[in-house]
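These are notes for a first reading of a small model. Please keep the sequence and the 3D view open while going through the points.

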Amino acid sequence: MSATIISLAEKRAEREERERQRRIDAFDQELRRRLAMYLEGEDIPVEPIKDNPYI
């Protein structure tokens, strides 16, 4: 019988990386949305985008 060792630290790192990537994707999508609004001549929101993963 073989045992499988689950590395909790590895699982946590994978989960944190998925969450970080989700935050980056959401931030980038909001940036693209605001850029499209700007290029169309519409008013863009002045408040900063919340949950900036790059800071």
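Is E30 buried or exposed? The points below start with that residue and then move outward to the rest of the model.

1. The answer for E30. The model is predicted, and in it E30 has a relative accessible area of 18%. The cut-off for a buried residue is under 20%, so E30 counts as buried. The residue belongs to helix α1.

2. E30 and R33. A salt bridge links R33 to E30, and their closest N and O atoms are 2.7 Å apart. Why are these two separated by about one helical turn? Because R33 and E30 are three residues apart in helix α1. R33 has a relative accessibility of 39% and therefore counts as partly exposed, whereas E30, at 18%, counts as buried.

3. E30 and R34. E30 also meets R34 in a salt bridge, with 2.9 Å from N to O. Here the two residues are four residues apart in helix α1, which again means a separation of about one helical turn. Through shared partners, the salt bridges join E30, R33 and R34 into one network. R34 has 13% relative accessibility and counts as buried. In general, side chains of opposite charge can pair when their charged atoms come close.

4. Another bridge in the helix. R22 and E19 form a salt bridge as well, and the closest N and O atoms of the pair are 2.7 Å apart. Both residues lie in helix α1, three residues apart, about one turn of the helix. R22 is partly exposed at a relative accessible area of 45%, and E19 is partly exposed at 36%. How many salt bridges does the structure hold? The number is five, and those described here are among them.

5. Overall form. The protein has one helix and zero strands. Its radius of gyration is 19 Å, while the globule rule gives 10 Å for 55 residues; the value is well over the rule, so the protein is more spread out than a compact globule. The C-alpha trace spans about 65 × 20 × 10 Å along the principal axes. A reader turning the model on screen can compare these three spans with the view.

6. Burial and surface. What share of the 55 residues is buried? Buried residues make up 13% of them, and E30 and R34 are among the buried ones. The protein exposes about 5200 Å², of which carbon and sulfur atoms supply 56%.

7. Charges. The protein carries 11 positive and 13 negative side chains. The centres of these two sets lie 6 Å apart.

8. A positive patch. Which residues form a positive patch on the surface? They are K11, R12, R15 and R18. One of them, R15, is found in helix α1. R15 has a relative accessible area of 46%, so this residue is partly exposed.

9. A nonpolar patch. L35, Y38, L39 and I44 form a nonpolar patch on the surface, and together they have about 450 Å² of accessible area. Where is I44 found? I44 is in the segment after α1, the helix that covers 8-39. With 39% relative accessibility, I44 counts as partly exposed.

10. After the helix. E30 and P45 are 15 residues apart in sequence, and their C-alpha atoms are 11 Å apart in space. D51 is found in the segment after α1. The phi angle of D51 is near 60°, a positive value in a residue other than glycine. D51 has a relative accessible area of 44% and is therefore partly exposed.

11. Points to keep. E30 is buried and shares a salt-bridge network with R33 and R34. The protein as a whole is more spread out than a compact globule.

Note on methods: Residues are numbered from 1 along each chain as its sequence is written. This is a predicted model: local features need pLDDT of at least 70, side-chain atom pairs count only at pLDDT 80 or more; totals for chains, interfaces and linings use all residues. Side-chain values use heavy atoms; hydrogens and water are left out. The radius of gyration is taken over C-alpha atoms; the globule rule is 2.2 Å times the number of residues to the power 0.38. Buried means under 20% relative accessible area, exposed over 50%, partly exposed in between (1.4 Å probe, protein chains only). Accessible areas come from the Shrake-Rupley method with a 1.4 Å probe; for residues, only the protein chains shown count as cover. Lys and Arg count as positive and Asp and Glu as negative; His and the chain ends are not counted. The place of a charge is taken as NZ of Lys, CZ of Arg, CG of Asp or CD of Glu. Patches are made of residues with over 30% relative accessible area and no salt bridge: like charges are joined within 9 Å, nonpolar side chains (Val, Leu, Ile, Met, Phe, Trp, Tyr) within 5 Å. A salt bridge is a side-chain nitrogen of Lys or Arg within 4 Å of a carboxyl oxygen of Asp or Glu.
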